Amino acid sequence: MRVHLGCDHAGLDLKDHLTRWLTDHGYEPVDHGPFQYDALDDYPVFCLRAAEGVAKDRAEGLDSLGVVIGGSGNGEQMAANKVIGIRSALVWSDETAKLARDHNDANVIAVGGRMHSLEDMTRFVEIFLAEPFSNDERHVRRIGLMSDYELTRVLPPLPASATDA
C-alpha cells in the first residue's frame with residue numbers, strides 16, 4: 001500500500017519517523033514535504049499535495065491512503081478535505097483511527113504533532129492503515145450523500161424526521 005505524507009513544521013519529526021516506520025512495515029511512503037524545518041511554512045502546500053496523491057492513486061485503482069500532520073491536525077484535515085474524492089478525518093485516539101476507516105472510509109487522516117506522543121500517533125496511523133471499511137449499507141449511503149454533494153452541490157432531500165408534521 002502507498003501512503004502519502006504531508007505536514008508543516010510542527011509535524012516534521014513525526015513525518016520523518018513515519019516515513020521510516022512505514023518502510024519498515026512494508027508500506028510505500030510518498031513524502032510530499034517539507035524536508036527541512038521552516039517555522040513559517042504553510043501546511044496547505046504540503047497537505048494538498050499529499051491528498052492529491054491519494055486521490056490520483058485511487059482514481060487509477062491503486063491501494064493508497066494518506067496522513068497529514070500539523071500542530072493540531074485541524075488545518076491539515078481541512079486542507080486535505082478540499083481535494084475532490086478525499087475524506088480526511090482528524091484522529092486523536094485508537095477509536096477515532098478505527099472508526100475513520102470502519103464507518104467513514106476515510107482515505108486520509110490528520111494527526112496533531114503537538115497533541116500526542118510519537119508512540120501514540122504511530123499507533124493511530126497503524127490502526128488506520130490496518131482497518132478495512134465495513135461496507136455497511138448505512139455507511140455506504142452516507143458516504144454517497146457526501147460524494148454526490150461534493151460533485152453536484154445539490155443538497156440531499158430532507159427526511160421525514162426533519163419536518164414539523
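**Entry 1: H9 and D41**

I looked up the side chains of H9 and D41 and found them joined by a polar contact of 2.7 Å, in what is a predicted model. I then placed H9 in the chain, and it falls in the loop between strand 1 (residues 2-7) and helix 1 (residues 12-24). Is H9 buried or exposed? With a relative accessibility of 16%, H9 counts as buried, since the cut-off for that term is under 20%. Setting aside residues within four places in sequence, I listed the contacts of H9 as Y37, D38, A39, D41 and R114, so that the partner in the polar contact, D41, appears in this list as well.

**Entry 2: G71**

I turned next to G71, which sits in the loop between strand 3 and helix 3 and counts as buried at 13% relative accessibility. Which residues does G71 touch, apart from those up to four places away in sequence? I noted D8, A10, E76, G112, G113, R114 and M115. For one of these, G113, I also looked up the C-alpha separation from G71, which is 4.9 Å across 42 residues of sequence. R114 is in contact with G71, and R114 is also in contact with H9 from the previous entry.

**Entry 3: the nonpolar cores**

I asked which residues have the most contacts inside the largest nonpolar core, a set of 23 residues, and the answer was V67, I109, V111 and L129. At least two residues of this core come from each of strand 1, helix 1, strand 3 (64-70), helix 4 (94-102), strand 5 (108-112) and helix 5 (118-130). I followed V67 further and, not counting residues up to four places away in sequence, found that V67 touches V3, H4, L5, G6, L18, V108, I109, V111 and V125. A second core, separate from this one, has 12 residues, and A50, V54, A55 and V108 are among them. I wrote beside this, as background, that nonpolar side chains in soluble globular proteins tend to be buried together.

**Entry 4: helix 1 against helix 5**

How do helix 1 and helix 5 pack, and at what angle? Their axes lie 11 Å apart and the angle is about 50 degrees, which makes helix 1 oblique to helix 5. I recorded the crossing of helix 1 past helix 5 as right-handed. On the side of helix 1 the residues that meet helix 5 are L14, H17, L18, W21 and L22, and on the side of helix 5 they are L118, M121, T122, V125, E126 and L129.

From this list I singled out M121, a residue of helix 5, and found that M121 is buried, with a relative accessible area of 2%. Beyond four places in sequence, M121 is in contact with L14, V111, G112, G113 and H116. I also checked M121 against Y27, and their C-alpha atoms are 17 Å apart, with their positions 94 residues apart in sequence.

**Entry 5: helix 4 and Q77**

I looked up which residues of helix 4 are buried and noted T96, A97, A100, R101 and D102. These buried residues pack against strand 3, strand 4 (88-90), strand 5, helix 5 and helix 6 (137-152).

I then went to Q77 in helix 3, which spans residues 74-80. Q77 is buried, at a relative accessible area of 19%, and the limit for buried is under 20%. Leaving aside neighbours within four places in sequence, Q77 is in contact with V68, S88, A89, L90 and A110. The C-alpha atoms of Q77 and C47 are 8.2 Å apart, with the two residues 30 places apart along the chain.

**Entry 6: backbone geometry**

Before looking at individual residues I reminded myself that most residues other than glycine have a negative phi, and that most peptide bonds are trans. Which peptide bond did I note as cis? The bond from G33 to P34 is cis, with omega near 5 degrees, and P34 belongs to the loop between strand 2 (28-31) and helix 2 (43-59).

D105, which is not a glycine, has a positive phi of about 50 degrees. D105 is in the loop between helix 4 and strand 5 and is buried, with a relative accessible area of 14%. R153, likewise not a glycine, has a positive phi of about 65 degrees. R153 is in the segment after helix 6 and is exposed, with a relative accessible area of 56%.

Key: Residues numbered from 1 in each chain as written. Predicted model: local features only at pLDDT ≥ 70, side-chain atom pairs only at ≥ 80, totals over all residues. Heavy atoms only, no water. Helix = DSSP H or I, 4+ residues; strand = E, 2+ residues; numbered from the N terminus. Buried < 20%, exposed > 50% of the residue type's maximum accessible area, 1.4 Å probe, protein only. Polar contact = N/O pair within 3.5 Å; in protein donor to acceptor, adjacent residues only side chain to side chain. Contact = heavy atoms within 4.5 Å. Core = buried A, V, L, I, M, F, W, Y, C linked by side-chain atoms within 4.5 Å. Axes fitted to C-alpha atoms, helices over the stretch in contact; angles between N-to-C directions. Parallel < 35°, antiparallel > 145°, perpendicular 65-115°, else oblique. Left-handed = near helix turned anticlockwise from the far one by under 90°.
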